[in-house]
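Visitor: Please take me through one part of this model slowly, residue by residue where that helps, and then relate it to other parts of the chain.

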Amino acid sequence: MSIVTLIPGDGIGPEVTSAMRKVVEAAGADIQWEVAEAGAAQMDKYGTPLPQHVIDSIKKNKVAIKGPVTTPVGKGFRSINVQLRQSLDLYVNLRPVKSFKGLKSRYEDVDLVIVRENTEDLYAGIEHKIGDYGAESIKLITKPACKRIVEFAFDYAKKNNRKKVTAVHKANIMKLSDGLFLNTAREVAEENKNVEFDDLIVDAAAMNLVLNPEKYDVMVMPNLYGDILSDLCSGLVGGLGIIPGANIGKDYAVFEAVHGSAPQISGQNIANPTAEIQSAVMMLKYLGQTECAEKIENALAKVFEEGIVLTQDLGGTATTTEFTDKVISEIK
Ligand code: ATP
Ligand code: MG
């Protein structure tokens with residue numbers, strides 16, 4: 001049995017995590033949940049949106065799954081997600097982008113994986129004002145961080161039978177920082193000659209992903225490009241409601257949908273829980289509960305192939321609950 005920290009989160013978080021939990025339980029997963037609340041609502045009680053006991057729970061259990069959390073704007077708080085990633089050293093953000101058969105979207109045969117560096121770049125939080133005149137944000141890129149993220153990408157490619165790793169960068173302009181990323185990627189590629197390697201400038205990547213997404217396999221990149229291109233890629237296959245994610249480090253892993261808290265649609269029982277459910281599939285595989293993960297994958301595939309019970313973001317009329325019940329009925 002695995003004990004997993006469950007963070008419901010803000011906005012649509014509680015709705016999609018509760019759907020995820022029902023589906024995971026219906027599949028017979030051997031999991032005990034330890035619910036830990038984080039997010040805007042914890043401010044009054046604990047004076048911080050990310051109380052220490054939440055981090056302690058993840059450190060104890062080593063694995064967590066979360067809904068999106070909102071960081072209070074303009075109160076001097078650092079992003080909860082960024083804080084979590086940095087305090088647990090979750091240096092990989094893994095986002096598989098795959099088309100569902102039958103689901104109407106821009107493309108039908110996308111199957112790529114974004115490997116986003118998760119601890120530095122413009123997310124390092126090194127910012128200062130230049131008086132009233134301006135402000136400066138530092139883009140921090142270090143060799144050890146480049147090395148471990150590219151190594152992860154190659155390992156992932158080998159373990160998952162993927163053929164190619166593409167490094168995405170802007171080394172033509174940021175010759176030192178992105179140059180270091182690219183050179184390190186080339187070094188790591190030299191040691192992994194059984195996997196094909198190439199590189200792509202980020203602006204060209206944006207265009208090529210829209211023109212020919214099926215050409216890409218594993219794509220590894222610094223933090224900010226990963227943020228932007230993973231939203232772009234979600235749009236290729238049906239939107240943010242679909243794409244799962246995992247934050248992985250040496251010791252801990254935190255699974256979460258790529259989307260945010262979507263406050264405009266929260267509390268209405270209309271959010272698409274697929275992204276969160278697919279995050280749970282990644283988690284179950286990570287925990288070695290593969291059979292259970294595959295049951296859920298197959299159930300989702302059936303629901304989309306049938307194409308009748310779909311949430312609004314995918315052109316359907318089903319509520320979160322109706323969609324969830326449908327997925328569960330396909331598991332049984
Ligand atoms: P945050 O500030 O927390 O990122 P946001 O308003 O940017 O919140 P996102 O979750 O990033 O919200 O999503 C942007 C839009 O995409 C939402 O307003 C919503 O329309 C759509 N969306 C995102 N996730 C889902 C989902 N799970 N189901 C349906 N629609 C979604
Ligand atoms: Mg957002």
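In which helix is the place of R186?

Guide: This is a predicted model, in which local features need pLDDT of at least 70 and side-chain atom pairs count only at pLDDT 80 or more, while totals for chains, interfaces and linings use all residues. Residues are numbered from 1 along each chain as its sequence is written, and chains are lettered from A and ligands numbered from 1 in the order in which they are written.

R186 has its place in helix α6, where helices (H or I, at least four residues) and strands (E, at least two) are DSSP runs numbered from the N terminus. R186 counts as partly exposed because it has 13 C-beta neighbours inside 10 Å; with C-beta atoms placed from the backbone, 20 or more others within 10 Å make a residue buried, 12 or fewer exposed, and anything in between partly exposed. Although R186 and K147 are 39 residues apart along the chain, their C-alpha atoms are separated by 9.9 Å.

That pair leads to the packing of two helices. Helix α5 (residues 143-159) and helix α6 (residues 177-190) have axes that come within 9 Å and cross at roughly 45 degrees, the axes being lines fitted to C-alpha atoms, for helices over the stretch in contact, with angles running from 0 to 180 degrees between N-to-C directions. The two helices, α5 and α6, are therefore oblique to each other (under 35 degrees is roughly parallel, over 145 roughly antiparallel, 65 to 115 roughly perpendicular, and the rest oblique). Their crossing, that of α5 and α6, is right-handed, meaning that the near helix is turned clockwise from the far one by less than a right angle, whereas an anticlockwise turn would be left-handed. On the α5 side the residues are K143, C146, K147, V150, E151 and F154, and they meet L180, F181, T184, A185 and V188 in α6, contact requiring that C-beta atoms, placed from the backbone, lie within 7 Å. Sorted by class, the contact of α5 with α6 comprises seven nonpolar, one polar and three charged residues (Ala, Val, Leu, Ile, Met, Phe, Trp, Tyr, Cys and Pro are nonpolar; Asp, Glu, Lys and Arg are charged; the others, Gly among them, are polar).

Another helix pair can be set beside this one. Helix α1 (residues 13-26) packs with α9 at an angle of about 45 degrees, the axes being 8 Å apart. That angle makes α1 oblique to α9, and the crossing of α1 and α9 is right-handed. From α1 the contact takes V16, T17, A19, M20, V23 and V24, and from α9 it takes E276, I277 and A280; these residues divide into seven nonpolar, one polar and one charged.

Further along the chain, the axes of helix α10 (residues 290-306) and helix α11 (residues 320-331) come within 8 Å and cross at roughly 120 degrees, and α10 and α11 are therefore oblique to each other. In this case too the handedness can be stated: α10 passes α11 in a right-handed crossing. K295, I296, A299, L300, K302 and V303 of α10 make the contact with K326, V327, E330 and I331 of α11, and by class the contact has six nonpolar, no polar and four charged residues. T321 also lies in helix α11 and is partly exposed, with 15 other C-beta atoms within 10 Å. The C-alpha atoms of T321 and S18 are separated by 9.6 Å, although the two residues are 303 apart along the chain.

Two loop residues deserve attention for their backbone. D89, in the loop between α4 (80-87) and β4 (92-98), has a phi near 50 degrees, a positive value in a residue other than glycine, and D89 counts as partly exposed with 13 C-beta neighbours inside 10 Å. A262, in the loop between β12 (253-256) and α9 (274-286), likewise is not a glycine yet has a positive phi of about 40 degrees; A262 is buried, because 20 other C-beta atoms lie within 10 Å.

Among the 17 residues around ligand 1, those that come nearest are G241, H259, G260, S261 and N272, a residue being near when its C-beta atom, placed from the backbone, lies within 6 Å of the molecule or strand. The shell around ligand 1 has nine nonpolar, seven polar and one charged residues.

Finally, A135 lies in strand β7 (residues 134-137) and is exposed, with 10 other C-beta atoms within 10 Å. Leaving aside residues up to four places away in sequence, A135 touches E127, H128, K129 and I130, whereas the C-alpha atoms of A135 and D217, 82 residues apart along the chain, are separated by 37 Å.

Terms used. Contact = placed C-beta atoms within 7 Å.
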